[in-house]
Amino acid sequence: MRKPIVGGNWKMNRGIPVETKEMLKKLIPLVKKITAVDIIIAPPFTALISAVDIVKKSNIKIGAQNMYFEEKGAFTGEVSPNFLKAIGVEYVILGHCERRNIFKESDELVNKKLKKALSRNLNPIACIGEHLEEREAGKTKEIIQNQIDKTFKDLTKEEMIKTVIAYEPIWAIGTGKTATPEQAEEIHIFIREMVASKYDKATADLVRIQYGGSIKPTNANELFEKENIDGGLVGGASLQADSLFEIVKAADETTK
Ligand code: PGA
């Protein structure tokens, strides 16, 4: 019922147009026949124009890794959603834990960005997730609940449905430590229940919830097989066309 979505978050690892084109030229023919999965690549701002250009006739869409909540003005160093729209970007990752932790983005800020992205018709991928100490202290659900309340505050039902939620346990990001499929599924169910209680079950059933954190070709299958895991947000393994393709294939398998 929900179309799985696999996003490649390149972070600050590959942002030169030439290398972006090289990777995408390898990926395009590999994923050509995949129609049951949404495939998104999110390179740094510097490579967005080239990326949009090269995927034009393919089934890959381009996302940005961040944006500001204002459309124009004296905001040195920030990027407007209007600029992203104008160059053909369709998705935007918001509130990634690296933005939250390193650049101190709050739930309130992410909420403002989310509302603005939706109003400009950009598809947001909004990230939430707990730190290791929080998990070890048995606080995961409390943290997630608080993030959901604040990050998704005042979204209409339609806006909630359009928002892709990425559950990314911070202790699993870039660490090689993946949440077990059971650990991930437990939180995905919890997130879906929260959406159901804020809106209704029909809305919750439509919201796509990705898992993120050390997804690799070797663990993608078992994660995506879980009923409430609707694809993944992939960092390290999205930099190579072959490994990202294996992960997209794993998501595609679950639709058969
Ligand atoms: P990772 O990153 O796959 O390298 O752990 C995931 C993410 O940060 O979205």
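**Exercise 1.** Classify Lys 3 as buried, partly exposed or exposed from its relative accessible area of 34%, then find the residue whose side chain meets that of Lys 3 in a salt bridge.

*Solution.* The model is a predicted one. Step one is the classification: a residue counts as buried under 20% and as exposed over 50%, so Lys 3, at 34%, is partly exposed. Step two is the partner, which is Asp 38, with a distance of 3.1 Å from N to O. Step three places the two residues: Asp 38 belongs to strand β2 while Lys 3 sits in the segment before β1, so the salt bridge ties together parts that are 35 residues apart in sequence. Step four applies the cut-off to the partner: Asp 38 is buried, because its relative accessible area is 18%.

**Exercise 2.** Describe the surroundings of Ala 42, starting with the strand in which Ala 42 lies and going on to the residues with which Ala 42 is in contact.

*Solution.* Ala 42 lies in strand β2, which spans residues 38-42. With a relative accessible area of 2%, Ala 42 is buried. Leaving aside neighbours within four places in sequence, the contacts of Ala 42 include Gly 8, Asn 9, Trp 10 and Lys 11, and also Gly 63, Ala 64, Gln 65 and Ile 93. For Ala 64 there is a distance as well: the C-alpha atoms of Ala 42 and Ala 64 are 5.2 Å apart in space, although the two residues are 22 apart in sequence.

**Exercise 3.** Work out how strand β4 is placed, asking which residues are buried on its two faces, how many bridges join β4 to β3 and how many join β4 to β5.

*Solution.* Begin with a general point: side chains in a regular strand alternate between the two faces of the sheet. In β4, residues 91-94, Tyr 91 and Ile 93 are on one side and Val 92 and Leu 94 on the other, and all of them are buried, which leaves both faces covered. Next come the neighbouring strands. Strand β3, residues 60-64, pairs with β4 in the parallel sense over two bridges, and Gly 63 stands opposite Tyr 91. The connection from β3 to β4 passes through helix α3, residues 81-86, as a right-handed β-α-β crossover. Strand β5, residues 123-128, also runs parallel to β4, to which it is joined by four bridges; in β5, Ala 126 is the bridge partner of Leu 94.

**Exercise 4.** Compare the exposure classes within two salt bridges, that of Arg 99 with Glu 105 and that of Lys 226 with Glu 182.

*Solution.* The search of the whole structure finds 19 salt bridges. In the pair Arg 99 and Glu 105 the N to O distance is 2.9 Å; Arg 99 is partly exposed, at 22% relative accessible area, whereas Glu 105 is buried, at 7%. In the pair Lys 226 and Glu 182 the N to O distance is 3.4 Å. This pair links distant parts of the chain, 44 residues apart, with Lys 226 in the loop between α11 and β8 and Glu 182 in helix α9. Lys 226, at 26% relative accessibility, counts as partly exposed, and Glu 182, at 49%, is likewise partly exposed. Beyond these pairs, Arg 2, Arg 192 and Asp 230 are linked in a network of salt bridges.

**Exercise 5.** Find where Asn 121 and Asp 154 are located in the chain, and state what sign phi has in Asn 121 and in Asp 154.

*Solution.* The general background is that most residues other than glycine have a negative phi. Asn 121, in the loop between α5 and β5, has a positive phi near 60°, and the residue is partly exposed at 47% relative accessible area. Asp 154, in the loop between α7 and α8, has a positive phi of about 60° although this residue is not a glycine. With a relative accessible area of 56%, Asp 154 is exposed.

**Exercise 6.** Decide whether Met 1 is buried or exposed, and say which residues form a nonpolar surface patch together with Met 1.

*Solution.* Met 1 belongs to the segment before β1 and counts as exposed, its relative accessibility being 79%. Its partners in the patch are Ile 161 and Leu 206, and the three residues together have about 320 Å² of accessible area.

Note on methods: Residues numbered from 1 in each chain as written. Predicted model: local features only at pLDDT ≥ 70, side-chain atom pairs only at ≥ 80, totals over all residues. Heavy atoms only, no water. Buried < 20%, exposed > 50% of the residue type's maximum accessible area, 1.4 Å probe, protein only. Pairing = 2+ DSSP bridges. Right-handed = clockwise from strand over helix to strand, strands pointing away. Contact = heavy atoms within 4.5 Å. Patch = residues over 30% accessible without salt bridge, like charges linked within 9 Å, V, L, I, M, F, W, Y side chains within 5 Å. Areas by Shrake-Rupley, 256 points an atom, 1.4 Å probe, with all protein chains shown as cover. Salt bridge = Lys/Arg side-chain N within 4 Å of Asp/Glu carboxyl O.
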